[in-house]
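The exercises below are to be worked with the sequence and the coordinates at hand. Each task is followed by a solution in steps.

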Amino acid sequence: MMLRRGFILFLPRLIGLLVVACCSVSIVYMLACTPKGDNQQLALPRVHSPTVKEGYEAILQEQEEQHHNYIISLKKQIAQLKAELQGRTEQLKNMQNQYPDPLDIQLDHSKPEKAQANLLAFLRSQVDKAEVHSGVKLSTEYAAVPFESFTLQKVYQLETGLTRHPEEKPVRKDKRDELIEVIELAVGSLNKPDGVSKAKPRLYTASDFVEGIYRTEKNKGTLYELTFKGDAKHQFKKIVLFRPFGPVMKVKNENVNMADTLINVIVPLAKRASKFRQFMQNFREMGIQQDGRIHLTVVYFGKEQMNEVKSILENTSKSANFKNFTFIQLNEEFSRGKGLDVGARFWKGNNVVLFFCDVDIYFTAEFLNSCRLNTQPGKKVFYPVLFSQYNPSIIYGHHDSIPSLEQQLIIKKETGFWRDFGFGMTCQYRSDFINIGGFDLDIKGWGGEDVHLYRKYLHSNLMVIRTPVRGLFHLWHEKQCLDELTPEQYKMCMQSKAMNEASHGQLGMLVFKQEIETHLQKQKLSSKKT
């Protein structure tokens, strides 16, 4: 009875709680399902408002109007961007017309005034592009283009080139003519009346020139800053000149077919059979197997080791099925110039490219193509600057073992140097060699004959192509300078020997080896104490 009475009393409360819960859920559901506007919550339809369907139609219409207005706004923005882009395009066209691209400059002789105006506009733009009026931001210290300085007598240069002298007279005709022209132009500018001062102007001469600096930006021009004596002790006149580089112009467009161009490799030799065996391995791989358009002429002096050399040549001929070789034997004292001259004149076939080579040279198939491409009968001879290998025992002395020959042939300052003082390896057509007069056969032994031939070509009308090549290496070997050499030849031989061993840094490590070892021992002792 007690439980029943309690349940009856609790039942109205339970029903009330359920009613409240249902109402709450209904309200939350209506709030969650009611569509919202962009910025505010839309009110629920009230008793006196339109029906629910009409309310939703009103909401959809309002959203459609908002989207329509948004589309109109986007179209306006696109139109503004198009107008801005068109303006920028017009501005760029005006700049291009003012500073035309070098490839767009047409020197039309039918309209010389327009061609001249285009060219002058381009040259003026070169001054604006170059680092003349203000500096430019550079990424590293190596990106700076250094100046070189000069006086009336000397040029002080960082890029020493083939002369290897940091100070020298401007012996190259183009450099000498360039600096003379610049000084004369500066003197003329100083002596030109300014039209302001009524006093009698001072007459400047080249003797008033103190010093100048210049540098070349390869794609823009050369900047010159020249200093002259002024009117008083501590006064100076400074003239800044700029030689702008003109636009790039197409000179030639031709097809070059080297499929039938044969190279006759001429090697003078005496003894050195082991070196010849190494040379023939390179010749077989690069010349016979990869290139295939090649002939070998060996001019051998004396009889010692001759049979061994002939055996190496014949074995290569049989194994590689190679018949394009000639062996010439001379019973006389070795003379490099004589051997090359005899080998060149012995050829009886059509005009051929001659590659004067030594037994301690390593070449690639790519170099043989460079040899063909940089020679032209009656026009061009090729004097490649080869990369000379340092002594491997010094370079790789701290290694467990010396790498193979192919792994050693890396062009880095630690492994070798550009042999820019050597002129022995050269490519030319046989007709040009014969017409120039060949080698000076009075020169005996080692050295000198290559320089004389090089000078003959320089004194001719032939173009001498002198450039470093990545596929031609001089392999290190111990150089012996014989007593019977002339003083000049002996000096050249010893200089070559010194340069062949190692870089300055590596030689320095050898010179100071004792000091370095003492320092390391002191460090070990101090570390033990601590």
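**Exercise 1. Strand 12 and its neighbours**

Task: Determine in which sense strand 12 and strand 15 pair, and over how many bridges.

Solution. Strand 12 pairs with strand 15 in the parallel sense, over eight bridges. Here two strands pair if DSSP finds at least two bridges between them; helices (H or I, at least four residues) and strands (E, at least two) are DSSP runs, numbered from the N terminus. This is a predicted model, in which local features need pLDDT of at least 70 and side-chain atom pairs count only at pLDDT 80 or more, while totals for chains, interfaces and linings use all residues. Residues are numbered from 1 along each chain as its sequence is written, and side-chain values use heavy atoms, with hydrogens and water left out.

Step 1. Take F382: its bridge partner in strand 15 is I465.

Step 2. Turn to strand 13, which is joined to strand 12 by three bridges and runs antiparallel to it. Q389 stands opposite G416 of strand 13.

Step 3. Check the burial of strand 12 (residues 380-389): ten of its ten residues are buried. Buried means under 20% relative accessible area, exposed over 50%, and partly exposed in between (1.4 Å probe, protein chains only).

Step 4. Sort the residues by face. K380, F382, P384, L386 and S388 lie on one side, and V381, Y383, V385, F387 and Q389 on the other, so both faces are covered.

**Exercise 2. The surroundings of T415**

Task: Which backbone oxygens does the side chain of T415 reach?

Solution. Step 1. Locate T415 in the loop between helix 10 (405-408) and strand 13 (416-418).

Step 2. Classify the residue: T415 counts as buried because its relative accessibility is 9%.

Step 3. List the contacts (heavy atoms within 4.5 Å). Leaving aside residues up to four places away in sequence, T415 touches F387, S388, Q389, Y390, I395, Y396 and I410. Of these, I395 is 20 residues from T415 in sequence, with 6.7 Å between the C-alpha atoms.

Step 4. Find the oxygens. The side chain of T415 reaches the backbone oxygen of I410 at 2.5 Å, and a polar atom of this side chain lies 3.0 Å from the backbone oxygen of K412.

**Exercise 3. Cysteines**

Task: Establish how many disulfides the structure holds, and why C357 is not bonded to C427.

Solution. Step 1. Apply the criterion, a pair of cysteine sulfur atoms within 2.5 Å. The structure holds two disulfides, and their pattern is 1-2, 3-4 when bonded cysteines are counted along the chain.

Step 2. Examine C371 and C427, joined with S to S at 2.1 Å. The torsion about their S-S bond is about -120 degrees, so this disulfide is left-handed. C371 belongs to helix 8 (residues 365-373) and C427 to strand 14, and the pair links distant parts of the chain, 56 residues apart. Both C371 and C427 are buried.

Step 3. Examine C481 and C493, also joined at an S to S distance of 2.1 Å. This link is left-handed, with -90 degrees about the S-S bond. C481 lies in the loop between strand 15 (463-474) and helix 13 (487-501), and C493 in helix 13, so parts twelve residues apart in sequence are tied together. Both C481 and C493 are buried.

Step 4. Treat C357. Its closest cysteine sulfur is that of C427, but the 9.1 Å between them is too far for a bond. C357 is buried, with a relative accessible area of 0%.

**Exercise 4. Helix 8 and strand 14**

Task: Which residues of helix 8 are buried, and which way do the residues of strand 14 point?

Solution. Step 1. In helix 8 the buried residues are A365, F367, L368, C371 and R372. Seen down the helix axis, they fall within an arc of 155 degrees, so they line one face of helix 8; the arc is that of the directions from the helix axis to the C-beta atoms.

Step 2. An α-helix has 3.6 residues a turn, so residues three or four places apart point the same way.

Step 3. In strand 14 (residues 426-429), T426 and Q428 point one way and C427 and Y429 the other, and all are buried.

Step 4. Strand 14 runs antiparallel to strand 10 (residues 353-356), to which four bridges join it. T426 is the bridge partner of F356.

Key:
A polar contact is a pair of N or O atoms within 3.5 Å; within protein, one must be able to donate a hydrogen and the other to accept it, and residues adjacent in sequence count only if both atoms are side-chain atoms.
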